[in-house]
Amino acid sequence: MYIIVVGAGKVGWNLARELIGKGNEVTLIESDRVRYAVVEEELEHAVHYGDGSELWVLERAGIARADMVIAVTGDDEDNILICQVAREKYGVERVIARCNNPRNLPHFELLGIKPAVSATDLILRLIEHEVPRYGFLHLLDLPQERLEIIEIEVQEGSPAAGRQVQELGLPDGSLVISILRDGTGFVPLADSVIEAGDEVLLVLDTGLEQKIMDRFRPSVEAA
Amino acid sequence: MFVLIVGCGRVGSAIARKMLAAGHEVSCLDEDPEAIALLEIGESETWEDRGGMFTVGTALEIDALIEAGIERADAFVASTDGDNTNLVIAQIAQRRFNIPKVVVRVLDPARAAWYERQGLSTVCPTQKAIEMLEAAVLEGAA
């Protein structure tokens, strides 16, 4: 594959090296003269000096025949623009953008730049998995469909313990799809009783997490 | 008309003052809190006393754009010093906030021309300068 990587920071440089090692043809573009000189010592002609959001720089790098463009500069606007131009002007089929600030992810989505990879977001999610808050786990996100699936561990003292599913007072747009107890799971009925120690799986509309957690979290006074 | 101007430098501030003088409602957004000074040079009243709005924030921050009034803007001017920033926020203004009139300053003629063909209303000062300089050189020449 012929791959153009824009931005020779730590991510871009290491990415280029790995991709070359896997047998791909790679051009790395860097706009900082000093950084370019450093990287050029190792990667030689595979590095180009220039602003990767300038069309002529991309053309000189051979974007017309690129199979993939990866924009990993430290600037989200630049990454969005590079990917947009690569795909829409030059017909590059696969683009990958780095999203530095996870709060900018909606901009990438709005302009159809996907996948957008956010290291901050990935690490946040890992932390969430490793250190579940209040026994809370994000299992699946379907941003396009605006749905997510979460798992909640019902703790001692949780207002949900001892209640039937229908008594939980869950908001519209959420549904208990499964209860895991003593290593087996079952699909609950409206009158199934939730016990402390259960793991409850819910499907919900994006944004309802907080409301649902309020139904499961032991109250502050009790804790 | 309510005009939101993002990037209140030499260009943005000048447009803002003209629009306010012409009786429009004007809001400026800039990441530099000192940029408001450009709106007040030679004026006896402050920008806000004259009815202008000024918000500090970066162009990509949705919260800042909303605080600056993007949801009710009739016109949007992207005039920060970054071409890519301008092109991205202009598209956000157009597609997410459905602002009817979006104008973008793009210094690079190549990007300006391509995005113009994609439906953005771009203004390229560099291209204008090239044309004017060329005309000035040829003026009176045989």
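**Figure 1. Chain B as a whole.** Of the 142 residues in chain B, 39% are buried. What you see here is a predicted model, and chain B averages a pLDDT of 96, with 99% of the residues scoring at least 70. Trace the backbone and you will count 5 helices and 6 strands in chain B. Their order along the sequence is β-α-β-β-α-β-α-β-α-β-α. Chain B has a radius of gyration of 16 Å, close to the 14 Å that the globule rule gives for 142 residues, so chain B is as compact as a globular protein of that length. The C-alpha trace of chain B spans about 55 × 40 × 25 Å along its principal axes. Among the contacts in chain B with a separation of 6 or more, 49% are between residues 24 or more positions apart.

**Figure 2. Where chain A meets chain B.** In this view, 14 residues of chain A are in contact with 14 residues of chain B. On the chain A side, the elements that give two or more residues are helix H3 (55-60), helix H4 (76-88) and helix H5 (105-110). H4(A) gives the most, with 5 residues. If you are wondering about chemistry, the chain A residues that touch chain B divide into 6 nonpolar, 3 polar and 5 charged. For the complex, the predictor gives an ipTM of 0.89 and a pTM of 0.75.

**Figure 3. The two domains of chain A.** Stepping back to chain A, you can find domain 1 at residues 2-122 and domain 2 at residues 132-216. The C-alpha centres of these two domains of chain A lie 41 Å apart.

**Figure 4. Helix H3 of chain B and its surroundings.** Here the view centres on H3(B), where 11 of the 13 residues are buried, so this helix is largely enclosed by the rest of the structure. The buried residues include B:Asp83, B:Asn84, B:Leu87 and B:Ile92. What covers them includes H4 and H5 of chain A, together with strand S1 (2-6), strand S4 (75-78), strand S5 (101-105) and helix H4 (109-117) of chain B. The length of the helix is easy to check: at 1.5 Å a residue, the 13 residues of H3(B) (residues 83-95) should span 18 Å, and the end C-alpha atoms are 18 Å apart, which agrees.

**Figure 5. B:Leu87 and the residues it touches.** Zooming in on helix H3 of chain B brings you to B:Leu87. B:Leu87 counts as buried because it has 28 C-beta neighbours inside 10 Å. Leaving aside residues up to four places away in sequence, B:Leu87 touches A:Leu81 as well as B:Val104, B:Val106, B:Arg111 and B:Tyr115. By contrast, 24 Å separates the C-alpha atoms of B:Leu87 and B:His24, which are 63 residues apart along the chain.

**Figure 6. Backbone details in three loops.** Most residues other than glycine have a negative phi, and most peptide bonds are trans. The peptide bond between A:Lys114 and A:Pro115 is cis, with omega about 0°; look for A:Pro115 in the loop between H5 and strand S6 (116-117) of chain A. A:Glu44 is not a glycine, yet has a positive phi of about 50°. You will find A:Glu44 in the loop between helix H2 (33-43) and strand S3 (47-49) of chain A, and with 8 C-beta neighbours inside 10 Å it counts as exposed. B:Asn98, also a residue other than glycine, has a positive phi near 50°. B:Asn98 sits in the loop between H3 and S5 of chain B and counts as exposed, with 10 C-beta neighbours inside 10 Å.

Methods. Residues numbered from 1 in each chain as written. Chains lettered and ligands numbered in written order. Predicted model: local features only at pLDDT ≥ 70, side-chain atom pairs only at ≥ 80, totals over all residues. Contact = placed C-beta atoms within 7 Å. Helix = DSSP H or I, 4+ residues; strand = E, 2+ residues; numbered from the N terminus. Nonpolar A, V, L, I, M, F, W, Y, C, P; charged D, E, K, R; others polar. Domains from an automatic or database assignment. Rg over C-alpha atoms; globule rule 2.2 N^0.38 Å. Buried ≥ 20, exposed ≤ 12 C-beta atoms within 10 Å, placed from the backbone. pLDDT = per-residue confidence, 0-100. Expected span 1.5 Å × (residues − 1).
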